[in-house]
Amino acid sequence: MRRPAFLLASALLLGTSGLGLSVEAKESRPNIEVASMMRYCQGEVAAKYRVSPHDISTLPVERQGNSYRVYGQTPAEGSEALFFYCEFNQHREFDGVKMTSDKRPSGDSGGSAKERVKVEDMARYCTGMAAEKFKQSPRYITSNEPSRQSNGTYKVYGQYDASSTNTQAFVCTYNANVVFKSVVKN
């Protein structure tokens, strides 16, 4: 008789312990301000679909019951585009990107390494490219403002936490014609 009671007590303790861990993990996710959800969504879409953030158009945040959605498309204009939405839960935590349809001509993967990037978009573009190359979420990447070099090129320095004790620095380079060239660890 004692054995089933012991197993029941153990199961309850394990269930409570497991619940506590998932609550802690959930609490460690960042809460995104509603005013920042559109920009946050653009960074996530840029990384997931390998497109330039300035080729992404989003609509204002919509409340869907207890959650929030940001609808958008890439390229930013036209009907031959990839359509998506970003979902944020009731706690304003990012839950993911869902593609609703892809009407791009076949073979079109979006952004190109030869496209021009506006100076004001370089940091965000760099974040998306670094997220893709280093397999990181854009939300955990920090990119500084671009710095113009003496030869007319631009550099954007950034970083992300590679582990709990190691921060990895990187640099994105753009040529004098403001075309993205590369992102490498620094």
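Along strand E8, which side chains point to one face and are buried, and which point to the other and are not? In this predicted model, Tyr154, Val156, Gly158 and Tyr160 point to one face of E8 and are buried, where buried means under 20% relative accessible area, exposed over 50%, and partly exposed in between (1.4 Å probe, protein chains only). Lys155, Tyr157, Gln159 and Asp161 point to the other face and are not buried. In a regular strand the side chains alternate between the two faces of the sheet.

The model is predicted, so that local features need pLDDT of at least 70 and side-chain atom pairs count only at pLDDT 80 or more, while totals for chains, interfaces and linings use all residues. Residues are numbered from 1 along each chain as its sequence is written, and side-chain values use heavy atoms, with hydrogens and water left out.

**Strand pairing**

Strands (E, at least two residues) and helices (H or I, at least four) are DSSP runs numbered from the N terminus. Two strands pair if DSSP finds at least two bridges between them. The pairings that involve E8 or E9 are as follows.

| Strands | Sense | Bridges |
|---|---|---|
| E6 and E8 | antiparallel | three bridges |
| E7 and E8 | antiparallel | two bridges |
| E8 and E9 | antiparallel | eight bridges |
| E9 and E10 | antiparallel | five bridges |

Individual positions show the register. Ser143 stands opposite Gly158 in E8, and Ser147 has Lys155 of E8 as its bridge partner. Asp161 is bridged to Thr167 in E9, whereas Tyr174 stands opposite Phe180 in E10.

The hairpin of E7 and E8 has five residues between the strands, and Gly152 in its turn has a positive phi of about 95 degrees. Five residues also join E8 to E9 in a hairpin. In the hairpin of E9 and E10, with five residues between the strands, Val178 takes a positive phi near 55 degrees.

**Nonpolar cores**

A nonpolar core is a set of buried Ala, Val, Leu, Ile, Met, Phe, Trp, Tyr and Cys residues joined through side-chain atoms within 4.5 Å. The largest such core holds 20 residues, of which Met122, Val156, Phe170, Cys172, Tyr174, Phe180 and Val183 touch the most other members. At least two residues of this core come from each of helix H3 (122-134), E8 (154-161), E9 (167-174) and E10 (180-185). H3 supplies the largest share, eight residues. Another core, of 17 residues, lies apart from it and includes Ile32, Val45, Ala46 and Ile56.

Leaving aside neighbours within four places in sequence, Tyr174 is in contact (heavy atoms within 4.5 Å) with residues including Met122, Tyr125, Val156 and Phe180.
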